[in-house]
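Morning, everyone. I'll take a helix pair and then two pockets. Please have a look at the structure.

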Amino acid sequence: MARLGLEKSIVDKDTYERTLKRLGEGGVVLPTLAQLRDPSTVPAAIRSRLASVEPDAAHPLNLFRVHWFNDASRTGLAAVPGHLVLPSDLTGVPARIVVALGDRFPMIHAHKVLAAYGCLVPRVVTGQFDPTRHRAVWPSTGNYCRGGVAISRILGCRGVAVLPENMSKERFDWLERWVQTSSDIVRTPGSESNVKEIYDACAAMDRDPANIIFNQFCEFGNYLVHRTVTGAALERLYRATAEGRPASRLFAFVSASGSAGTLAAGDHLKEKLGARIVAVEAAECPTLLWNGFGEHNIQGIGDKHVPFIHNVMNTDVVAAVSDRATDTLFALFNTEVGRRYLVERHGLGAELVASLGHLGLSGLCNVLASIKTAKYFDLGPDDVIVTVATDGSAMYGSELEKTLRVHFRNRFDAVAAGETWGRSLAAVATDNLLELTHAERKRIFNLGYFTWVEQQGVTLPEFNARASQSFWDGLLSLVPAWDAMIGEFNARSGGAAAAGA
Ligand SMILES: Cc1ncc(COP(=O)(O)O)c(C=O)c1O
């Protein structure tokens with residue numbers, strides 16, 4: 001099952017031909033990664049047709065919206081990715097914390113649809129996935145599988161979501177609307193950190209050759225799409241926020257890790273701007289930090305293993321945030337009482353306070369880890385931390401009900417708001433943060449052995465190769481190769497002509 005997705009030539013010609021026909025008939029044009037990196041390069045004919053396509057429809061042209069530059073209406077293009085710059089009055093630190101917003105992505109309101117596309121498209125153009133015969137299986141904790149199911153639907157094939165049964169109700173509601181049959185939602189035992197159970201379900205499904213498993217935790221398409229597409233978008237975002245500030249520097253990229261795909265943007269930001277890379281997890285499941293394990297509710301991250309595509313030896317800091325802090329902060333930011341408290345007590349602008357709804361649980365975790373990083377490194381007003389909010393609050397309405405019940409006995413009043421501000425925000429400290437030495441990087445790198453070599457059948461040379469930065473940099477040559485194959489695929493399928501491009 002540990003297919004790594006590193007091919008750059010056609011593996012199966014018959015599969016390729018059948019896929020060409022299917023996608024051509026469906027008018028599906030595949031965007032190149034270069035187009036997703038800079039969507040202003042998408043052909044004008046496609047962009048003008050896209051203007052009338054609803055961003056949440058299962059429409060082939062929505063593949064051209066799988067990028068960071070959707071404007072607030074999600075129908076047009078913005079010059080700079082949607083973002084929030086969090087003021088010191090909120091964060092308590094002078095450094096500027098810039099949060100890129102994932103909820104502008106099409107169909108699923110989360111950037112994980114980009115990861116799904118990054119894993120799928122190399123398989124399509126190398127003839128390894130046949131939408132006429134295969135089922136696409138998307139193991140995930142909820143957003144990646146929604147992205148995969150959305151793209152499967154566009155391709156006209158079966159998409160199967162494999163996710164833990166205790167993920168948010170909103171994820172399951174969305175899936176019920178999008179899958180072909182309810183049996184395409186496979187519920188595995190446990191919650192967020194039970195990825196081993198997901199792997200076991202996938203291993204069983206993998207025995208059926210009709211199932212193709214798109215394992216985001218070891219597909220290098222996930223790494224590459226984030227290093228190139230997300231990395232370039234965040235570079236653009238940083239440069240825009242640094243305009244007119246000559247002393248500005250990008251100190252760090254902070255990202256909570258699920259598959260570690262998003263963290264790959266850090267490799268780009270380090271290369272271009274010297275940013276440090278901060279990997280974040282839940283304090284209740286401190287795997288990178290302390291080889292630890294446990295249950296938590298920061299949905300999408302902290303899966304109790306080291307993903308194969310995590311470039312551990314290039315990671316500079318590991319930080320952990322408690323799910324109690326993210327759950328309670330979510331209540332502060334998403335209730336009437338909480339918002340009033342933020343405006344009246346702390347003088348925050350009503351517009352800023354309303355925009356905090358763009359932060360889902362892992363986005364809040366990223367913000368808290370950014371504050372932690374700023375405090376640990378004593379950052380000043382010229383320092384910038386860039387981070388992401390993978391999804392927004394829309395995915396967690398049912399979690400809010402739970403939080404209000406469990407943490408506040410259904411009484412979230414001004415006192416509770418004040419307590420939450422004090423405990424979950426103002427009290428953020430430099431605990432649960434490790435600046436990695438070479439020895440600590442090696443400890444985390446070695447921890448991955450047990451998942452990948454012992455459980456998942458990766459060979460030792462494949463595993464060890466990832467210790468060297470030349471391995472990761474070498475992967476970049478796949479991007480132009482895949483883009484050329486995508487171009488050829490579109491030309492041959494006739495999809496490009498059908499789309500008027
Ligand atoms: C809400 C949320 N946040 C964060 C992540 C982690 O992103 P990545 O898998 O790129 O590490 C995920 C992944 O599914 C997610 O769904």
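What follows is a short tour of one helix packing and two pockets. Keep in mind that this is a predicted model.

Helices first. H5 covers residues 112–125, and H6 covers 143–155. Their axes are 7 Å apart, at an angle of about 50 degrees. An angle like that makes H5 oblique to H6. The crossing of the two is right-handed.

Who touches whom? On the H5 side, we have Lys112, Val113, Ala115, Ala116, Tyr117, Cys119, Leu120 and Val124. They meet Asn143, Tyr144, Gly147, Gly148, Ile151 and Leu155 in H6. By class, that contact has 10 nonpolar, 3 polar and 1 charged residues.

Now the pockets. The largest has a volume of about 340 Å³. It is lined by 20 residues, and closest to the centre are Ser322, Ala325, Arg423, Ser424 and Val428. Strand E9 and helices H12, H15, H16 and H17 each supply at least two residues of this lining. H17, residues 414–426, gives the most, with 4 residues. The class split is 9 nonpolar, 6 polar and 5 charged.

On to the second largest pocket. Its volume is about 210 Å³. Of its 14 lining residues, His296, Asn297, Asp327, Glu399 and Lys402 are the closest to its centre. H12 and H16 each supply at least two lining residues here. The largest share is from H16, with 5 residues.

And the classes in this second lining? It has 1 nonpolar, 7 polar and 6 charged residues.

That's the tour. Over to you.

Technical notes. Residues are numbered from 1 along each chain as its sequence is written. This is a predicted model: local features need pLDDT of at least 70, side-chain atom pairs count only at pLDDT 80 or more; totals for chains, interfaces and linings use all residues. Side-chain values use heavy atoms; hydrogens and water are left out. Axes are lines fitted to C-alpha atoms, for helices over the stretch in contact, and angles run from 0 to 180 degrees between N-to-C directions. Angles under 35 degrees count as roughly parallel, over 145 as roughly antiparallel, 65 to 115 as roughly perpendicular and the rest as oblique. A crossing is left-handed if the near helix is turned anticlockwise from the far one by less than a right angle, and right-handed if clockwise. Contact means heavy atoms within 4.5 Å. Ala, Val, Leu, Ile, Met, Phe, Trp, Tyr, Cys and Pro count as nonpolar, Asp, Glu, Lys and Arg as charged, and the others, Gly among them, as polar. On a 1 Å grid over the protein atoms alone, a cavity is a set of points where a 1.4 Å probe fits but cannot get out, and a pocket is an open set with protein on both sides within 12 Å along at least five of seven lines; lining residues have an atom within 4 Å of a point. Grid points are joined across faces, edges and corners, and a volume is the space filled by probe spheres set on the points.
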